[in-house]
Amino acid sequence: MLIKLEGARIYDPANNINGEIGDLYVRDNMIVAKPSDSETIHKTYALAGKIVMAGAIDLHTHIGGGKVNIARTMLPEDQRDNVMPRTELTRSGGGHAAPSTLTAGYRYAEMGYTSCFEPAVLPANARQAHMEMADTPMIDTGGYAMLGNDDLLLQLIAEGAEQQTINDYVAWTLQATQCIGIKVVNPGGINAFKFNQRALDVDDTHPHYQITPREIVTKLSRALHELAVPHPLHVHASNLGVPGNYLSTLATMDAADGLPIHLTHIQFHSYGTEGDRKFSSSAAEIAEAVNKRANVSIDVGQIMFGQTVTISGDTMSQHANHIHAHPNKWTCMDIECEAGCGVVPFRYRDKNFVNALQWAIGLELFLMVDDPWRVFLTTDHPNGAPFTSYPHLIRLLMDRSFRNDLLAEINPDAGSLSHLSSLQREYSLYEIAVMTRAAPARILGLSDRGHLAPGALADITVYHQHEDPQQMFAKPMLVFKAGELIVEEGRISKPVNGTTQVVRPEYDPGIEKQIGRWFERYHTISLPNFAISDDEMAEGIGSPVSVHPCRENRP
Amino acid sequence: MWNNKIDQTTHTVTCPSCGLSCDDLQIETNNGHLKSMRNGCDKAHAFYQTAFSNIDKSPLIDGTPSSLDEAIERSAELLQESSSPLFAGLATDVNGMRSILSLADCCGATLDHMNGDASLRNLRVVQDSGWFTTTFTEVRNRADLILLVGSQCMERFPRLVERVLHPTETLLDQARERKLVLLGPWGSDPLPEELTHLNTLTIPLDLERLGDAVAMLRALIAGRPVDLDRPDVGDGDGLKALASELKAAKYSVICWSAAEFDLPHSDLLIQGLAELAKELNNESRSAALPLAGTQADITSNQVCTWQLGYPLRTSLQRGYPQHDPHLNRWQDLIERNESDFLLWVSSLSPDASPPPCDLPGVVLGHPGMAFEALPAVYIPVGVPGIDHQGHWYRSDAVCSLPLGKLREIGLPAVSHVVRLLHQKLRSNSACLHGGAAC
């Protein structure tokens, strides 16, 4: 099958194409160069006046795993208020903040997204995360395995294990859990909470292992660098949500010792203590630090006003935040000497000073970080807001007068404390394409997507040109997944299933003996039952793996 | 781990006979026969021996042996005639449940698990207030005080003490001197043997009085005034001492099995236990360990929750999921004649047969199943972990373990049979909504 997308305006930042009019050719599942004139083109889409980008990639969205299912279980009202009936093409489901897996897949595709990454895969729960993502149709998926609160790693660091041992453990974890990256959440803090510690700043000492979060970040970011894993350490920093935490965030950036590091949902980590309420924006300090440090990338975790649910591995912070639960119910869990989770429903209100300032801080960060290749568009779904608010967020970034209109409506004290009204920047379509396509593909090491050059997977989104970017991005005209037309006019036209994206750095298999001994002594699962094989992914879990290469220049 | 090979000898077999899901069973087979077995409890031995002694089963249509194709054909006819099908039992693995949900979506079925009453006692607490829970490895290595509520945890989960509550080795020193407090209907009988050499304290109390005792514990911990001599809570001084110990513990665990609490409004008792654990976390560390998972109740609820957004007792009759813990109780739907077809799925135990009822019924059952009244169609299915591979959740709802394949005697997996049934409906154009999603 050979198809032609003719005459659209193309935004493909990975190949420096900025709105030029051109043609694209797709053979089966791939984008190909212009075929010879003798070849038959089976289908031509005349797209004059339309906009084409690669399929969008969400590098941080909680779409699968035990904590998401806890949120669904705890919030039947979220399902009841957001019903999605069955159609001829799609299964039934529902939910807004914690949608069913099927609903999440359909909604992502209907917004032009073709790959999504679950950022908090607990190794003990990796099977479930992959099973849920396998039941999330339309999109390719992947996960980041959580380390840095597991007693095994903390013990290794405390005992002064060689960096090589830690590297082997990290690489083994990636293989055993079928993940593409490593995330650390509140480094050491989730573990310290199990010893009844209620805070652990970057240079505080863990009450049992006598190590610091800084050491954990340093060791893990070095491990990923030395293993040549494309995605840098994905860090949910210490002190989430605590006024004054921007200092912890800056310290965490520096803990990477100049090696690549990704700080996630940084909006929640950019708070100062100025003003009468001792809560202020430190977005300027954070943005300046990001601008100065080429090794740092961030995603924002923008909040939007309305009801959502916060889902996090950070039991320490979530337990502290349960007093804000709305409705008033919450769940926390300590898990398998690995980490934990906390699920707290939340309603962000525009007239509330703190919430309004959080909203402004997120936007300030987007607008003050200069390089769109190092700032990613996320709401930390569903923590800041459900992913379905992305089109609205894109409009906020692209349309200054719209932004200022909304700024005028929020809590006036928050509005007057924010720099937002003075920020002139408006994102271009090219920059939106960078932050939602080209940059996430690059930072995850996915050379087969996020761009439109020959050889790329034919994940393509076609938009109607529209004055209002929100309307444009909410309802693409066409979406292709691996060359198949799956969405027409913002509605699913063909259900498909995706694959799981992984990386496989090499390691010394001798590490398995060491891990095996630990499992035998302390664990309640045996090691052979812990690791997930490729066959199990394909035949049992239902999402075959697609292995992406590590960087070639391994140090 | 995952292939279609039969494991003749393996040392890490996951046992699905209860929610503990011990995965250290050593099983040796020889051409489909069980040769030897180590590490399993009595329940596990019975589970494997029963399954391995049941072979050579063909489907039955109205009691007459038939082929699988004929049984599927007849099942599809019965399902097509139904306007309000009920899919219950649901003791199956993850892929079995996935196929059942897909079929249910197509034909507007209502879904409930055979353990629905027990599951809902816990689920309603999560829906109403949430809880603070923990998992087996955490308890094993960290707990210094364990409060066991009720008296059946060990009976229902036979290796609980060995695997979780009191292992030979723990990561942290604090767990080595752990104390077990038994609060519940412990009579004058001696304690179970595995508890006798441990540091235990028993506070005997009838099940019906547990709710009041837990309320008193919470009041004591919160420092509210209480009357310790209230006769309805038994040993007031014992509870006062327990409250002090819970507050002083480094990591206390509150453990129960909801199935034991078969009494009116026991969700309120469970809510009290859950709130107790939450409140202890204001000052120290504590977590709840609700025990469940037997007959795949956690497994089927997990899959239902991620695919439909709701746990079980959910109906798809209107073309979208509707959850109602009261209206969708399977026993009531049968009794009130609110369903006109029953698909009963029970692949783990020969004893969990469908209730005798007048509904046209299809049973996907354990090969050794005995019936009080034969259903219209009985399709013997493979036992997960013996006849086919699969996934199974243990009690804490975090760890889903792989189940292996130990023999091949032609018994199909639930997922396979349900897919055939679904295909048959589709080829008969009998799905409610039609289209590619069927």
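This dialogue works through the fold of chain B, its contact with chain A and one strand of chain A in a predicted model.

User: How does the radius of gyration of chain B agree with that of a compact globule?

Analyst: The general idea is to set the value beside the one expected for the chain length: with 438 residues, a compact globule would come near 22 Å, and chain B, at 23 Å, agrees with this. The C-alpha trace of chain B spans about 70 × 50 × 40 Å along its principal axes, and buried residues make up 59% of the chain.

User: How many residues of chain A are in contact with chain B?

Analyst: Contact is counted between C-beta atoms within 7 Å, and by that count 58 residues of chain A touch 61 residues of chain B. The chain A side of this contact divides into 19 nonpolar, 23 polar and 16 charged residues.

User: Which strands pair between chain A and chain B, and in what sense?

Analyst: Strand β18 of chain A, residues 331-335, pairs in the parallel sense with strand β8 of chain B, residues 132-133, over 2 bridges, and A:M333 stands opposite B:T133.

User: Is β18(A) enclosed or open?

Analyst: Burial is read residue by residue, and 5 of the 5 residues of β18(A) are buried, so the strand is largely enclosed by the rest of the structure. A:T331, A:M333 and A:I335 lie on one side, with A:C332 and A:D334 on the other, and both faces are covered.

User: What does β18(A) form with β19(A)?

Analyst: The two strands form a hairpin with 3 residues between them, where A:E336 in the turn has a positive phi of about 50°. Their pairing is antiparallel over 5 bridges, with A:A339 as the bridge partner of A:I335.

How values were computed
Residues are numbered from 1 along each chain as its sequence is written. Chains are lettered from A and ligands numbered from 1 in the order in which they are written. This is a predicted model: local features need pLDDT of at least 70, side-chain atom pairs count only at pLDDT 80 or more; totals for chains, interfaces and linings use all residues. Two residues are in contact if their C-beta atoms, placed from the backbone, lie within 7 Å. Ala, Val, Leu, Ile, Met, Phe, Trp, Tyr, Cys and Pro count as nonpolar, Asp, Glu, Lys and Arg as charged, and the others, Gly among them, as polar. Two strands pair if DSSP finds at least two bridges between them. Helices (H or I, at least four residues) and strands (E, at least two) are DSSP runs, numbered from the N terminus. The radius of gyration is taken over C-alpha atoms; the globule rule is 2.2 Å times the number of residues to the power 0.38. A residue is buried if 20 or more other C-beta atoms lie within 10 Å of its own, exposed if 12 or fewer, and partly exposed in between; C-beta atoms are placed from the backbone.
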